[in-house]
Amino acid sequence: MTNNYTGLNDDEVQKRINLGEVNTVDTNISKSKKEIVKTHTLTYFNFLNLFLGVLVLISGQFKNITFMGVIIINSVIGIAQEFKVKKLIDKLSVITASKAKVIRSGAKIIIPVNEVVIDDILVVENGDQVCSDSIVLESDGIEVNESMLTGESKPVKKKPGDVLMSGSYLVAGSGIGRVEHVGEENYATELAKKAKSKKRATSEMQRTIKRIIKVLGILIIPVGILLFWSQKSIHDISFSNALVSTVAGIIGMIPEGLVLLTSVSFILGVGRLAKQRALVQEMEAIEALARVNVLCLDKTGTITTGNLEVVEVVPLGDTQEIRVENIMNEIAFAFDDVNATQNALMQRFKKSNLWKVEEKIPFSSERKYRAIRFEQEGAFVLGAPEFLIRDDEELKVRVDGYSNQGYRVLLLAGCEKISSEDGTVEGVTPVGLVVITDQIRSTAKDTFAYFKEQQVEIKVISGDNPITVSNIAVKAGLEGGEHYVDASTLPEDFEELREEVAKFSVFGRVRPEQKQSIVKAYQANQKVVGMVGDGVNDVLALKDADCGIAMAAGSDAAKQVAHIVLLDSDFASMKNIVREGRMIITNIEKVSALYLTKTIYSVILCVIFIFLQRSYPFIPIQLSWISSTAIGIPSFILTLEQTEGVTTTGFLKHVLRVSLPAALTMVLTMSTIQALSPFWGMNETMTSTFNLLVGGMVSMLVVFRVCKPMNMLRRVLSIGVVAIFCAGILIAPGLLGIYDIFRWEVIFVIPMICMALVLERGFARFVNFCYVLKDRIAKKIDDKLRKHYTGIS
């Protein structure tokens, strides 16, 4: 087909480049260095902190500006880490970058999609995503899926003169096109951008943190103004002290460390996964990957090696074996769309080219067969037996016999008529069986055992015979592999499908649209679904999964919609990748409680002290010391710890179980100190001493809670931060704005700390009780609704 075209020469290409007629598209998945710097510096909270720093300078109390040093260090660390990861990602992304096949100067070459120019002769094959709007010059049964452009998933046939739209992808056939539009001139560019983008990976953590920041962003300014007004109204307090107290309240409300922690942790996670040969195309995918509890995958290339081999050719009826061989010698080399099955056929049979082809129907995952008509010899079809002949019990028994042994079986049959217009065949008569084997991966058992241990359900969704797939799955060690279903028998009604999918672990004879429906059904059953695929038939499911994972050796379209690409195309590497993702998210969940505790109690204390019109209990340098010892050091150490254990109860729910009891304890103890201040003559410095000592110990309680269950590292960390906190109080009480602790009044700190311990435990039980009660009520409501709708149906 390509021999008929010479394409553009080098001079013609250069001329079009000079005119700007080149397909300039942004294919870079990482940010530019300029964008990275802007992301870490030009933020709302950074500007707010800068403003607060200026206020402290105006107050003249320069020791309280130490928080600005932390902000600068945080920004520098974030920029440095993202630069480092960017360098690694940019190197790896070259491997998965989209390529286009074009004919130039008479030769077929492969170039990056952003080097395609107008009038280039484009070669498209099954699985390719169309990079630029093109006019079809030749079509060998081209069928494209335009669902990501139009929403219609039914394949569209393309003939010479038709338009191939950018963003669509081939599901059958191959052909030649001439590029008509490039870059911004592509058909409905904005729509095309939307089409090429996948559904964003699910990130409950990111959503929750954004909501928290949004609420705080709204609250912080009015609360700050009211707090300053309240502090300024206090008798005998100077403007300088009122300003510093207000800054302290606002600083406590800003969760700048939480924002940095999550962003840097995700960035480092991308880098660590890259070292595991996984290219993360969307950072949110790390959390989705960590929370996946249902993993859907195809059989070929995951459980098996994908290196297929024809092991037997079985003539049927009166057909002689030589006749079957002759037909297969012609069919095996008559199609341009090459896949693993086609490769196996081409290795087993010999190219003869003795028969003249009149009409062809290329293979598609929807039809499950390909067909061809020769001038003298008639028409033949090759494909899945159950899709071609349904009422032949004898044939079914023979096919099932091979399927029970784990073989893939193709039926070769004669046809009275084939139609390339609608892809149908009529008058099918069995001629022979082609039996194919696929080797189970040696790593499959270990991989399945790991996911079972991690309570991740594996679901095999394949286009092959369900008996074959089930047999292989059981041999590979998949728990529940014997529970299989032929997808053609699954209900069309989505609610019924939701109930059915829960019963099976293996789905055979699945069409591309059904893969998508099965993924959505599991999601509707409150599962976090990952999808592993490599073919064009996996694209729709990859697009809608919570985390889509493609093989680098797979089709262009699959890689474009996936959130993560496995560069070594080895399913066994999923063990390390999921483990890495879970460690990242587990660590973020742990330390998030440290940051949110400070934010919660700061907001509540600000509101309380606005109404009390008393001095805010902390000054900025005290909060900086508490944050450094009870948040900064623990978060740094815990983030580096290698632990797995992602919660399924939800990010916010998990974090609030730790942070809310501690925050309420802090509020109550600070209020108690204010109530008791007359006993030491309303001495502000003594009150500040009690505030810092008790507040510091309450913060240490959060560290202890986060470190449970204890191990050697966490014990050392817990003892270490207490020791550092106490050392600062002993060495520099004046700097921290408190008395020397060797005063007799300080003995009253002990009963206050004991009170804090009792309060924290009581609040923890109360919060747990509230969540249990909420879950029970939600379950009762859900059960009643289900019974109601079941009764209606």
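Begin by selecting E580 in this predicted model: with a relative accessibility of 9%, which is under the 20% limit, E580 counts as buried. Now add R272, whose side chain meets that of E580 in a salt bridge with an N to O distance of 2.8 Å. Because E580 belongs to helix α21 (residues 574-612) and R272 to helix α9 (residues 256-275), the pair ties together parts that are 308 residues apart in sequence. R272, at 24% relative accessibility, counts as partly exposed.

Stay on helix α21 and move to E589, which forms a salt bridge with R291, the closest N and O atoms being 2.9 Å apart. This pair also links distant parts of the chain, since E589 sits in helix α21 and R291 in helix α10 (residues 285-291), 298 residues apart. Both E589 and R291 are buried.

To place that pair in a wider setting, colour the protein by its domain assignment, which gives domain 1 (8-26 + 96-193), domain 2 (31-84 + 199-270 + 576-781), domain 3 (277-302 + 440-566) and domain 4 (313-429). Select domain 2 and domain 3 together: their centres, taken over C-alpha atoms, are separated by 41 Å, and 24 residues of domain 2 are in contact with 24 residues of domain 3. The area buried between domain 2 and domain 3 is about 2200 Å², and carbon and sulfur atoms give 56% of that area. The count of salt bridges between domain 2 and domain 3 is one.

Next, select K515 and D538, which form a salt bridge whose closest N and O atoms are 2.5 Å apart. K515 is in helix α18 (residues 512-524) and D538 in the loop between β21 (529-533) and α19 (539-544), so this pair ties together parts that are 23 residues apart in sequence. K515 counts as buried at 0% relative accessibility, and D538 likewise counts as buried at 0%. For a further set of charged side chains, select K101, K108, E125 and D128, which are linked in a network of salt bridges. The structure holds 36 salt bridges.

Turn now to the backbone, beginning with S105, which is found in the loop between β1 (99-104) and β2 (107-112). Phi of S105 is near 55 degrees, a positive value in a residue other than glycine. M682, in the loop between α23 (651-676) and α24, also has a positive phi, near 55 degrees, and M682 counts as partly exposed at 41% relative accessibility.

Follow α24 (684-707) to the loop that lies between it and α25 (712-731), where P709 is located. The peptide bond from K708 to P709 is cis, with omega near -5 degrees. Past α25, select P733, in the loop between α25 and α26 (749-792); at 14% relative accessibility, P733 counts as buried. Leaving aside neighbours within four places in sequence, P733 is in contact with G728, I738, Y739 and D740. The C-alpha atoms of P733 and T689, 44 residues apart along the chain, are separated by 8.8 Å.

Finish on the surface by selecting L42, F47, L50, V54, I58 and F239, which form a nonpolar patch with about 600 Å² of accessible area together. Helix α3 (residues 44-59) supplies the largest share of this patch, four residues. F47 is in helix α3, and with a relative accessible area of 48%, F47 is partly exposed.

How values were computed: Residues numbered from 1 in each chain as written. Predicted model: local features only at pLDDT ≥ 70, side-chain atom pairs only at ≥ 80, totals over all residues. Heavy atoms only, no water. Patch = residues over 30% accessible without salt bridge, like charges linked within 9 Å, V, L, I, M, F, W, Y side chains within 5 Å. Areas by Shrake-Rupley, 256 points an atom, 1.4 Å probe, with all protein chains shown as cover. Salt bridge = Lys/Arg side-chain N within 4 Å of Asp/Glu carboxyl O. Helix = DSSP H or I, 4+ residues; strand = E, 2+ residues; numbered from the N terminus. Buried < 20%, exposed > 50% of the residue type's maximum accessible area, 1.4 Å probe, protein only. Domains from an automatic or database assignment. Contact = heavy atoms within 4.5 Å. Buried area = accessible area lost by both parts, 1.4 Å probe.
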